[in-house]
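Please work through the exercises below with the sequence and the coordinates at hand. Each task is followed by a solution in steps.

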Amino acid sequence: MSQPARTSEAGSVGVVETFHLDLPDPVRLDCGRELHPVRVAYETYGTLSPERDNVILVCHALSGDAHAAGVAKAPPESGTRDGFGAEERDGSSAKGLGWWDGMIGPGKAFDTDRYFVISTNLLGGCRGTTGPSSADPATGRPYGSGFPVITVGDMVRTQRAFLDALGIERLAAVAGGSLGGMQALEWAISYPDQVDAVVAIASTHALHPQGVAWNAIAREAIMRDPAWQGGHYYGTGRAPDAGMGIGRMVGHITYLSAPALEEKFARRLQFADDLRYTITEPEFEVESYLRHQADSFVKRFDANTYLYISRALTYFDLARQHGGGSLERALKDVRARTLLIAFSSDWLYPPAASQDIDRALRSLGKPVEFEVIDAPYGHDCFLLEEARQTPIIRRFLARGGAG
C-alpha cells in the first residue's frame, strides 16, 4: 500500500497564536436555551482584503481545535495530529503543527497568498471555546452535564455571531471534513446569501445508523466510567480517562479501513516472538497502537466535550431539520457553489452520502462538483490525502473567482 502523497512544495504560515473573542450577545440554541457568555477561540492565516471578500472559514472535526495551520507558538503536550500514521508523517514537529497544516498556507489548497483563512474552536469545545468545562456564570463552577445540549446549527450560529463581531459579513468559502463538512453544509442552508462556496469533504447530510451506533458505544464507555460522576468530575481529582480512552479507541477504528490496518499492523506481535498468554497486556501491535491513541487523547480532550459534540453530529440530519424529510427541499435555497469530496474506503461517511447530496443539488439545478478519491485509509483520508485534494480544491475555488 502506498503512502499518502505530500505537499512539500507549498509553504507554511509559520508560527501562529490562538486568540479569543467574547461574543457581545447570547447565543440562541436549538434546545430552546440561550447561552451567555460565550468565548470563541480562533486563529487566522493570510491577509484580509480591503473589501473583506476573501475570507474562508475552516471548520474542524470532532477532535480538532482552532489551531488548523502553522506551528503553535506554545505547542501543547499532545497535538491534534495524533491519528493514523501521524508520527511517520510529521516526525518530532507533530505536537506543534495545525491539524490541517498541509491544506492551509501559501500555495496550498486554501492559499493564504490569496485568502484570509479563519479557524475557530467550535461551540462545546474544550480548546478555548465555551463548553462543558467552562464556568457556569450562575454557579461559578464548570457546567459539566449542566451544559445545554447543542447541535451543528448552534455551532454555525455561534460562528456567524463571531464573524459579525469581526465585521465580516460574507464568506468566499466554508470548508471542512467530517463534522467540519456538516458545518459547511449547514452554513449554505442557514445563511444562503452569505456563502459563495462550500467544500464538504468526507461528510454527509446525516450520519448512517452504523455511525450513530458507534458513537453511542463511545458515549456509553464514558458515562459508565464511575469517575464520570454524572458529568461533574472537574476539581475532584478523578476524570473518566478509562472510559474516554475506550471511546477514543472505538472512534479511531471507525476512522480507518480494514486494508489500512492490515498493511500497518497485520497480526504482528508487539513484544515477543510468541504469545505471552496474558489478558491484561497487549499482545499485538494493533492493540498497543490503540492504547497509545487512548493515552494521547485523554491528555488533550475533555470527556464531556466528547459527549456533547458526538451527540451533536448524530443529531445532524439536513432533510429532517430543514426539509420536512426531503433532502431536496432542505437544499432548495442554497446559492453557494458546492464541492463534495469523498474517499472510496470511507465506510463511516461513505461516498454514497455525498452522492445523495450531489444528486439532490443537481436535481435543483444547483452548481455542484463531486469527486471520489480512490484511497485506502478510510475516513482519515481527509487528513492524510492532502496532496490529492489540493488540486481539486484549488481548481474549484479559482473557477469561482473568490478573493
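The exercises concern a predicted model and go from the whole chain to single residues.

**Exercise 1. Overall form**

Task: Determine whether the radius of gyration of the protein agrees or disagrees with that of a compact globule.

Solution.
- Step 1. For 403 residues, a compact globule would have a radius of gyration near 22 Å.
- Step 2. The protein has 20 Å, which agrees with the globule value. Along the principal axes, its C-alpha trace spans about 65 × 55 × 45 Å.
- Step 3. Buried residues account for 57% of the 403 residues. The accessible surface is about 16,600 Å², and carbon and sulfur atoms contribute 51% of that area.
- Step 4. Of the contacts between residues at least 6 apart in sequence, 74% join residues at least 24 apart. The secondary structure consists of 13 helices and 14 strands.

**Exercise 2. Helix α7**

Task: Compare the end-to-end distance of helix α7 with its expected span, and state which elements its buried residues pack against.

Solution.
- Step 1. Helix α7 covers residues 285-300, which is 16 residues; at 1.5 Å a residue these should span 22 Å.
- Step 2. The end C-alpha atoms are 24 Å apart, in agreement with that expectation.
- Step 3. The buried residues of α7 are S288, Y289, L290, Q293, A294, S296, F297 and R300.
- Step 4. An α-helix has 3.6 residues a turn, so residues three or four places apart point the same way.
- Step 5. The buried residues of α7 pack against α5 (241-254), α6 (258-264) and α8 (303-315).
- Step 6. One of these buried residues, F297, carries a ring over which the charged end of R248 sits, 4.4 Å from the ring centre.

**Exercise 3. Helix α11**

Task: Carry out the span comparison for helix α11, and identify what covers its buried residues.

Solution.
- Step 1. Helix α11 (residues 351-363) has 13 residues, for which 18 Å is expected at 1.5 Å a residue.
- Step 2. From the first C-alpha to the last, α11 reaches 18 Å, close to the expected value.
- Step 3. Buried in α11 are P351, A353, S354, I357, D358, A360 and L361.
- Step 4. The cover over these residues includes α3 (179-190), α10 (327-331), β13 (337-343) and β14 (368-373).
- Step 5. After α11 comes G365, with a positive phi near 75 degrees.

**Exercise 4. Aromatic pairs around F147**

Task: Classify the ring pairs that F147 forms with Y143 and with Y308.

Solution.
- Step 1. The structure holds twelve aromatic pairs. In one of them, the ring centres of Y143 and F147 are 5.1 Å apart and the planes stand at 80 degrees. Planes over 60 degrees apart count as edge-to-face, so the Y143 and F147 pair is edge-to-face.
- Step 2. For F147 and Y308, the centres are 5.5 Å apart and the planes are again at 80 degrees, so this pair is edge-to-face.
- Step 3. The F147 and Y308 pair links distant parts of the chain, 161 residues apart: F147 is in the loop between β10 (116-120) and α2 (152-166), and Y308 is in helix α8.
- Step 4. Y143 and F147 are both buried, and Y308 is buried as well.

**Exercise 5. Two loop residues, A69 and I168**

Task: Decide whether A69 and I168 are buried or exposed, and list their contacts beyond four places in sequence.

Solution.
- Step 1. A69 lies in the loop between β6 (55-59) and β7 (71-72). The relative accessible area of A69 is 0%, so A69 is buried.
- Step 2. Beyond its sequence neighbours within four places, A69 contacts V13, V16, E43, Y45, G98, D101 and I104.
- Step 3. I168 belongs to the loop between α2 and β11 (173-177). With a relative accessible area of 2%, I168 is buried.
- Step 4. Beyond its neighbours within four places, I168 contacts R52, V55, I118, R160 and L163.

**Exercise 6. Backbone geometry in loops**

Task: Describe the backbone at P37, Q229 and Y277.

Solution.
- Step 1. The peptide bond between H36 and P37 is cis, with omega about 0 degrees. P37 is in the loop between β4 (34-35) and β5 (39-45).
- Step 2. Q229, which is not a glycine, has a positive phi of about 55 degrees. Q229 is in the loop between α4 (209-223) and α5, and at 27% relative accessible area Q229 is partly exposed.
- Step 3. Y277 also has a positive phi, near 55 degrees, in a residue other than glycine. Y277 is in the loop between α6 and α7. With 72% relative accessibility, Y277 counts as exposed.

Methods
Residues are numbered from 1 along each chain as its sequence is written. This is a predicted model: local features need pLDDT of at least 70, side-chain atom pairs count only at pLDDT 80 or more; totals for chains, interfaces and linings use all residues. Side-chain values use heavy atoms; hydrogens and water are left out. Helices (H or I, at least four residues) and strands (E, at least two) are DSSP runs, numbered from the N terminus. Buried means under 20% relative accessible area, exposed over 50%, partly exposed in between (1.4 Å probe, protein chains only). Contact means heavy atoms within 4.5 Å. The expected span of a helix is 1.5 Å times one less than its number of residues. Rings of Phe, Tyr and Trp (its six-membered ring) pair if their centres lie within 6.5 Å; planes under 30 degrees apart count as stacked, over 60 as edge-to-face and the rest as tilted. A charge sits over a ring if NZ of Lys or CZ of Arg is within 6 Å of the ring centre and within 35 degrees of the ring normal. The radius of gyration is taken over C-alpha atoms; the globule rule is 2.2 Å times the number of residues to the power 0.38. Accessible areas come from the Shrake-Rupley method with a 1.4 Å probe; for residues, only the protein chains shown count as cover.
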